[in-house]
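Please open the model in a viewer and keep the sequence panel visible beside it. The tour below proposes a series of selections and describes what each one shows.

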Amino acid sequence: MRAPSDRLRYAISFELGGLALVSPLGAWAFSMSVADITVVRIACAIIATLWTYLYNLAFDSILQRTTGAIDKSIPMRVLHAVLFEIGLLAMLTPLLAWYLGISLVHAFLMDVAFALVFILYAFVFTWVYDRVFPGPAAQQSARPQPSSPGNAPSWIAERMKGWPA
């Protein structure tokens, strides 16, 4: 499992990157001011940061209990991103409607558009993050085992055959 400080780094960097991506894109797509979209996205980012931390902690805990590891396959990463966005959509739609003075339907459609962008963004960001900052299990499996013949030069491995591991 990842340390709380690693989860915090993930959540903050994810939201800052998302804010830089979505504010100008949202202002252009919805013909609204960058200021209005940025204010809404900052509020959404704060909510989403808290949600990211709690959601990933819960998701990884469940994954750890059910599979014994937190490594995610491609289908598991897709499920992770989609479930995250569904939860966030339910929390953010009323906020968008209230602040922007639009109907819940319009806010829902706007939030779905943001969510679609964020699903792709979350998938790519998390994949890159896991490569740049591998979790503890990935770091341990990457460590060479000095007593293992498979990790020794071939001439040493040949001489180690039959030795107890």
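**Overall view**

Of the 165 residues of the protein, 35% count as buried. The model is a predicted one, and this should be kept in mind at each stop. Colour the chain by secondary structure: 6 helices and 0 strands will appear. Read from the N terminus, the order of elements is α-α-α-α-α-α. If contacts are displayed, consider those between residues at least 6 apart in sequence; 67% of them join residues at least 24 apart.

**First stop: helix H1**

Select residues 4–30, which form helix H1 with its 27 residues. From first C-alpha to last, H1 reaches 37 Å, close to the 39 Å expected at 1.5 Å a residue. Next, centre the view on Val22, where H1 bends by about 30°. A proline, Pro24, follows within four residues of that bend. Just after the helix, select Ser31, which has a positive phi, near 50°.

Which residues of H1 are buried? Show the side chains of Asp6, Arg7, Tyr10, Ala11, Phe14, Glu15, Gly18, Val22, Ser23, Gly26 and Ala27, all of them buried. Val22 thus appears both at the bend and among the buried residues. In an α-helix there are 3.6 residues a turn, so residues three or four places apart point the same way. To view what covers the buried residues of H1, add helix H2 (34–67) and helix H4 (104–132), which are included in that cover.

**Second stop: the largest cavity**

Keep H1, H2 and H4 displayed, since each of these elements gives two or more residues to the lining of the largest cavity. The model has 5 cavities of 30 Å³ or more, and the largest holds about 130 Å³ of space. How many residues line the largest cavity, and which are the closest to its centre? There are 13 lining residues, and Arg2, Arg7, Tyr10, Asn56 and Asp60 are the closest to the centre. Arg7 and Tyr10 were also among the buried residues of H1. H2 supplies the largest share of the lining, 4 residues. Coloured by class, the lining shows 4 nonpolar, 4 polar and 5 charged residues.

**Last stop: His106**

Finally, select His106, located in helix H4. Is His106 buried, partly exposed or exposed? Its relative accessibility is 35%, so His106 counts as partly exposed. Add Thr93 and draw a C-alpha to C-alpha distance: His106 and Thr93 lie 9.1 Å apart in space and 13 residues apart in sequence.

Conventions: Residues are numbered from 1 along each chain as its sequence is written. This is a predicted model: local features need pLDDT of at least 70, side-chain atom pairs count only at pLDDT 80 or more; totals for chains, interfaces and linings use all residues. Side-chain values use heavy atoms; hydrogens and water are left out. The expected span of a helix is 1.5 Å times one less than its number of residues. The bend at a residue is the angle between axes fitted to the seven residues ending there and the seven starting there. Buried means under 20% relative accessible area, exposed over 50%, partly exposed in between (1.4 Å probe, protein chains only). Contact means heavy atoms within 4.5 Å. On a 1 Å grid over the protein atoms alone, a cavity is a set of points where a 1.4 Å probe fits but cannot get out, and a pocket is an open set with protein on both sides within 12 Å along at least five of seven lines; lining residues have an atom within 4 Å of a point. Grid points are joined across faces, edges and corners, and a volume is the space filled by probe spheres set on the points. Ala, Val, Leu, Ile, Met, Phe, Trp, Tyr, Cys and Pro count as nonpolar, Asp, Glu, Lys and Arg as charged, and the others, Gly among them, as polar.
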